[in-house]
Amino acid sequence: WYQRRVREEVTKANTELSQEVKNLLSEAYKNVVGARRSSRRVLSSLETKVMNQNDDKKVALAKEYKAKVEKELTVLCETVLNLLNEYLIPNAKKTKNQIFYLKMKGD
């Protein structure tokens, strides 16, 4: 929560971010989103495996946890897209910064 709040406050300052801060922001989101995506892949594989075992309780648990991870992933992606669309891209005065943010948005 704290890290997200700090990232939001930095981007809402309506100033250009330094290259170091831009890289840190980008890496932070890549790492967090990457971990959730990896978890989702593992849970999908687990779900398929327990479906083949005909264990309804395990299937339900796998689906429930996968849904939780998917929700977290959706919230994280919506957060970064909002920061990019509302603050970072509009405040980017240099073309190279606009490109950086648009690439980040595409990722």
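Helices here are DSSP runs of H or I with at least four residues, numbered from the N terminus. On that basis, the protein chain of this predicted model reads α-α-α-α along the sequence. It has four helices and zero strands. Of the 107 residues in the protein chain, 27% are buried.

**Two helices and their spans**

Helix 2 covers 19-52 and helix 3 covers 56-91. The table sets out their lengths.

| Helix | Residues | Distance between end C-alpha atoms | Expected span |
|---|---|---|---|
| Helix 2 | 34 residues | 49 Å | 50 Å |
| Helix 3 | 36 residues | 51 Å | 52 Å |

For helix 2, the end-to-end distance agrees with the value expected at 1.5 Å a residue. For helix 3, the reach is close to expectation. Even so, helix 3 has a kink of about 45 degrees, centred on Leu84.

**The nonpolar core**

Leu84 also belongs to the largest nonpolar core. That core has ten residues: Leu17, Leu25, Tyr29, Val80, Leu83, Leu84, Leu88, Ala92, Tyr101 and Met104. Helix 2, helix 3 and helix 4 (95-106) each supply at least two of them. Helix 3 gives the most, with four residues. In soluble globular proteins, nonpolar side chains tend to be buried together.

**Buried positions along the helices**

Burial in helix 3 extends beyond the core residues. Its buried residues include Val59, Ala62, Lys66, Val69, Leu73 and Leu76. Thr79 and Asn91 are buried as well. Helix 2 also buries a mix of side chains, among them Leu25, Ser26, Tyr29, Val33, Leu43, Ser44, Glu47 and Val50. An α-helix has 3.6 residues a turn, so residues three or four places apart point the same way.

**A buried lysine**

Which side chain of opposite charge is nearest to Lys22? It is Glu16, 6.1 Å away. A salt bridge requires a nitrogen-to-oxygen distance within 4 Å, so this pair does not qualify. Lys22, which sits in helix 2, is thus buried with no salt bridge. Its side chain does have a polar partner: a contact of 3.2 Å joins Lys22 to the side chain of Gln19.

**The loop after helix 2**

Asn54 lies in the loop between helix 2 and helix 3. Its phi is near 55 degrees, a positive value in a residue other than glycine. Is Asn54 buried or exposed? Its relative accessible area is 67%, so Asn54 counts as exposed; the cut-off is over 50%.

How values were computed: Residues are numbered from 1 along each chain as its sequence is written. This is a predicted model: local features need pLDDT of at least 70, side-chain atom pairs count only at pLDDT 80 or more; totals for chains, interfaces and linings use all residues. Side-chain values use heavy atoms; hydrogens and water are left out. A nonpolar core is a set of buried Ala, Val, Leu, Ile, Met, Phe, Trp, Tyr and Cys residues joined through side-chain atoms within 4.5 Å. Buried means under 20% relative accessible area, exposed over 50%, partly exposed in between (1.4 Å probe, protein chains only). Helices (H or I, at least four residues) and strands (E, at least two) are DSSP runs, numbered from the N terminus. The expected span of a helix is 1.5 Å times one less than its number of residues. The bend at a residue is the angle between axes fitted to the seven residues ending there and the seven starting there. Lys and Arg count as positive and Asp and Glu as negative; His and the chain ends are not counted. A polar contact is a pair of N or O atoms within 3.5 Å; within protein, one must be able to donate a hydrogen and the other to accept it, and residues adjacent in sequence count only if both atoms are side-chain atoms.
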